[in-house]
Amino acid sequence: MRNYKYILSIETSCDDTSVALLRDRSVLSNVIYSQSVHQFYQGVVPELASRDHQKKIIPTIDHALALAKMKIKQVHAIAYTVGPGLIGSLLVGSSVAKSLALSLNIPLIEVHHMQAHLLVHFIKGAHKKEPAFPFLGVTLSGGHTQIAIIKDVFTFQEIGTTLDDAIGECFDKCGTLLGFDYPSGHLIDQLSQKGNPDRFQFPLPSTPKFHLSYSGLKTAFKNFVLKNINEDEGFIKNNKADLCASLQKVMIEHLTHKIKDAVTKTGLKQIVFGGGVSCNRFLFKHCHHLFDSSEYRLFFPPKQYTTDNAAMIGIAGYFKLQKGIIGNLNTTPKAKLNLAHS
Ligand code: KG4
Ligand code: ZN
């Protein structure tokens, strides 16, 4: 009989409490509890996030075990997010992971959140044909925007990053200005479908090498909107879809220019996306248009694995467990963590 490995994984880096059970590379359950307490503040409040993780982590573990029809004693290893993220949130997940590993006397595995966003593509059934190493990895989330060369499951080389705001942050901040609830990336994406992306022109950010920048664009958008509201109170209401579509277009085009440069420079023809923004529909369409040839292969994660989830922590943990890369109880979570961290 096959000797399966069962991994329980925990993700608490930001405002989602998530627990998954994996049997080797198959996901048995992946429970995500998204905190709503932050909506009122239009952004994540770190102290509230860690308190909510504390309340929800045990029920989420119980729920994930029940869905997987498993008992905690059947688990062979515990994987958890060691960073990057909000330190208070990370501490909740790491304390629970350590306690479980210690009391069950099983291995503890430390997982890098952004690496996991890219390794999610290796979950069984995520794609008919998986990406082959090396490939170009693009992480797009609320806190990170990175372009990297991924040589194997353990070797990540960042070649470009945002110099200021992350792409998701820009979506969310501009969304708040337009009156959307937080987080608003998916709402801007949705309304953009009805808008004209060429109606308003915003400056395409100019950055060196494969780096990106969204702070100047965010300010330009804000100034433009405020100036127009001054002249016409109903400006946002009457032009919301066009504003969304025009903003989204320039944000995505800035990114795809850099991806195109990176593809040319590295010669890598497989582009693998990860993170919350990777389910953006304009990004999907625009990339398929830009890389419309059989020599390229684009990989977007299945929808349920785009935003923060513990299944991605589980798959990254699986690769480490296979190689015997085990963490230890003295490791403290890290708010900042280089993508190349092993
Ligand atoms: O990866 P993620 O769940 O969390 C972080 O690690 O930050 O990403 C969350 C981000 C938020 O900024 C959210 O607005 C954005 O992903 N997002 C989107 C879409 N869905 C989620 N942005 C653009 N288009 C979407 N469809
Ligand atoms: Zn994330």
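Trainee: Why is N30 called partly exposed?

Mentor: In this predicted model, N30 has a relative accessible area of 21%. Buried means under 20%, and exposed means over 50%, so N30 falls in between and counts as partly exposed.

Trainee: Where does N30 sit, and how far is its C-alpha atom from that of L67?

Mentor: You will find N30 in strand β3. The C-alpha atoms of N30 and L67 are separated by 8.6 Å, and the two residues are 37 residues apart along the chain.

Trainee: What makes S184 buried or exposed?

Mentor: Its relative accessibility is 0%. The cut-off for buried is under 20%, so S184 counts as buried. S184 lies in the loop between α4 and α5.

Trainee: How far apart are S184 and K320, in sequence and in space?

Mentor: They are 136 residues apart in sequence, and 34 Å apart in space, taken from C-alpha to C-alpha.

Trainee: Let's turn to the backbone. What makes the phi of Q42 worth pointing out?

Mentor: Most residues other than glycine have a negative phi. Phi of Q42 is near 55°, a positive value in a residue other than glycine. Q42 is placed in the loop between β3 (26-34) and α1 (46-68). With 44% relative accessibility, Q42 counts as partly exposed, because that value lies between the limits of 20% and 50%.

Trainee: And K69: which sign does its phi have, and why is K69 called exposed?

Mentor: Phi of K69 is near 55° and positive, again in a residue other than glycine. K69 belongs to the loop between α1 and β4. Its relative accessibility is 75%; exposed means over 50%, so K69 counts as exposed.

Trainee: Which peptide bonds should I look at for P84 and P134?

Mentor: Most peptide bonds are trans. The bond that joins G83 and P84 is cis, with omega about -10°. P84 is found in the loop between β4 (77-83) and α2 (87-104). The peptide bond from F133 to P134 is also cis, and there omega is near -5°. P134 has its place in the loop between α3 (113-119) and β6 (135-140).

Trainee: On to the ligand. How many residues surround ligand 1, and which are the closest?

Mentor: There are 19 residues around ligand 1, and the closest are G142, D172, D189, G276 and D308.

Trainee: How do you know that G142, G276 and D308 make polar contacts with ligand 1?

Mentor: The cut-off is a pair of N or O atoms within 3.5 Å. A polar backbone atom of G142 is 2.8 Å from an oxygen atom of ligand 1. For G276, a polar backbone atom is 2.9 Å from an oxygen atom of the ligand. A backbone N or O atom of D308 lies 3.0 Å from an oxygen atom of ligand 1. Each pair is within the limit, so each is a polar contact.

Trainee: How much of ligand 1 does the protein cover?

Mentor: On its own, ligand 1 has 560 Å² of accessible area, and the protein covers 90% of that. The space taken by ligand 1 is the largest pocket. Two or more residues of the shell around ligand 1 come from each of α3, α4 (167-177) and α5 (185-192).

Trainee: What is the make-up of that shell by class?

Mentor: The shell around ligand 1 has 4 nonpolar, 12 polar and 3 charged residues. Glycine counts as polar here, so G142 and G276, both among the closest residues, belong to the polar class.

How values were computed
Residues are numbered from 1 along each chain as its sequence is written. Chains are lettered from A and ligands numbered from 1 in the order in which they are written. This is a predicted model: local features need pLDDT of at least 70, side-chain atom pairs count only at pLDDT 80 or more; totals for chains, interfaces and linings use all residues. Side-chain values use heavy atoms; hydrogens and water are left out. Helices (H or I, at least four residues) and strands (E, at least two) are DSSP runs, numbered from the N terminus. Buried means under 20% relative accessible area, exposed over 50%, partly exposed in between (1.4 Å probe, protein chains only). A residue is near a molecule or strand if one of its heavy atoms lies within 4 Å of it. A polar contact is a pair of N or O atoms within 3.5 Å; within protein, one must be able to donate a hydrogen and the other to accept it, and residues adjacent in sequence count only if both atoms are side-chain atoms. Accessible areas come from the Shrake-Rupley method with a 1.4 Å probe; for residues, only the protein chains shown count as cover. On a 1 Å grid over the protein atoms alone, a cavity is a set of points where a 1.4 Å probe fits but cannot get out, and a pocket is an open set with protein on both sides within 12 Å along at least five of seven lines; lining residues have an atom within 4 Å of a point. A molecule sits in a cavity or pocket if more than half of its atoms lie within 2 Å of its grid points.
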